[in-house]
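Reader: I am in my first year and would like to look closely at one single part of this model. Could you take me through it slowly?

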Amino acid sequence: MTMREGHLRAETPAIELPRMDFLLLSIVIILLTIGVLMIWSITLPINTGNGRDPFADVMKQTGFAVIGLIAMFVAMRINYRMWDRVALWMFVGTIPVLIAVLFMDPVNGARRWFNFLGEGTIQPGEIAKFTFIVYIAKWLSSKGEKLRQLTYGLIPFAVLVGFVDGLIVLQPNLSTAIIIGVCAVTMFFVAGADIIQFLLLIAGGGITVVLVVARTPYLAERIFGYLRDP
């Protein structure tokens, strides 16, 4: 071994840390911290008034936050190309779960959770946020220039998003459906769809949201209540 090879080997770290976007990481941590502090602010007087541990809820959410951060750092070590190979199977596996949850006993008028030990422990809508976005990314990347064609781009895309969001709206869980829809439409535009297709999707999504809110009393009451007294 030459002197140069020995010098290079000595400079090579035993553990290679993943490259990361520190600005994005900082934003995630700041938002997470603000969220935990807001939960503490809201639950502290309620728990104190009810004679409960004032820190019970914030400690529970802090634990979830730590688990989420660990999962994030593990995910950072996974080559993103791996998701391309499993995207279809993740999406296909999510659909039966979204259908099955509609047959669960309602909790506060909604069927959003698989309930174990008397608590909502698994929320398929949260799983769909990840699996569907990964699949849409794979689907859009496979279309190329054909994405601008009506029969290859806009129509099948609208059917895919409408089907998944429709299952989530039936729970009902409008906020999750909107998040998935907005993410998917944004990805559709960034992937190369023209402005006309983008505006059509925005208009169609807006009309759908208005119709769903109009037919869901608690959503309409929440919105009008906010407009009366923000």
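Reader: In the largest nonpolar core, which residues touch the most other members?

Author: Before the answer, a word on the basis: this is a predicted model, in which local features need pLDDT of at least 70 and side-chain atom pairs count only at pLDDT 80 or more, while totals for chains, interfaces and linings use all residues. Residues are numbered from 1 along each chain as its sequence is written, and side-chain values use heavy atoms, with hydrogens and water left out.

A nonpolar core here is a set of buried Ala, Val, Leu, Ile, Met, Phe, Trp, Tyr and Cys residues joined through side-chain atoms within 4.5 Å, where buried means under 20% relative accessible area, exposed over 50%, and partly exposed in between, with a 1.4 Å probe and protein chains only. The largest such core has 24 residues, and the members that touch the most others are Phe132, Phe157 and Phe188. Two or more residues of this core come from each of helix 4 (81-100), helix 5 (124-143), helix 6 and helix 7, the helices being DSSP runs (H or I, at least four residues) numbered from the N terminus. Helix 6 supplies the largest share of this core, with seven residues.

Phe157 deserves a closer look: leaving aside residues up to four places away in sequence, Phe157 touches Ile136, Trp139, Leu140, Ala184, Val185, Phe188 and Leu201, contact meaning heavy atoms within 4.5 Å. Apart from this core there is a second, separate one of five residues, which includes Val212, Val213, Leu219 and Ala220.

Phe132 leads on to the aromatic rings, since Phe132 forms one aromatic cluster with Phe91 and Tyr135. Rings of Phe, Tyr and Trp (its six-membered ring) pair if their centres lie within 6.5 Å, and planes under 30 degrees apart count as stacked, over 60 as edge-to-face and the rest as tilted; by this rule there are seven aromatic pairs. In one of them, the ring centres of Trp83 and Phe130 are 5.2 Å apart and the planes stand at 85°, so this pair is edge-to-face. Trp83 belongs to helix 4 and Phe130 to helix 5, and the two are 47 residues apart. Trp83 is partly exposed, because its relative accessibility is 23%, and Phe130 is also partly exposed, at 40%. The pair of Phe91 and Tyr135, by contrast, is stacked, with 4.5 Å from centre to centre and 5° between the planes. Since Phe91 lies in helix 4 and Tyr135 in helix 5, this pair ties together parts that are 44 residues apart in sequence, and both Phe91 and Tyr135 are buried.
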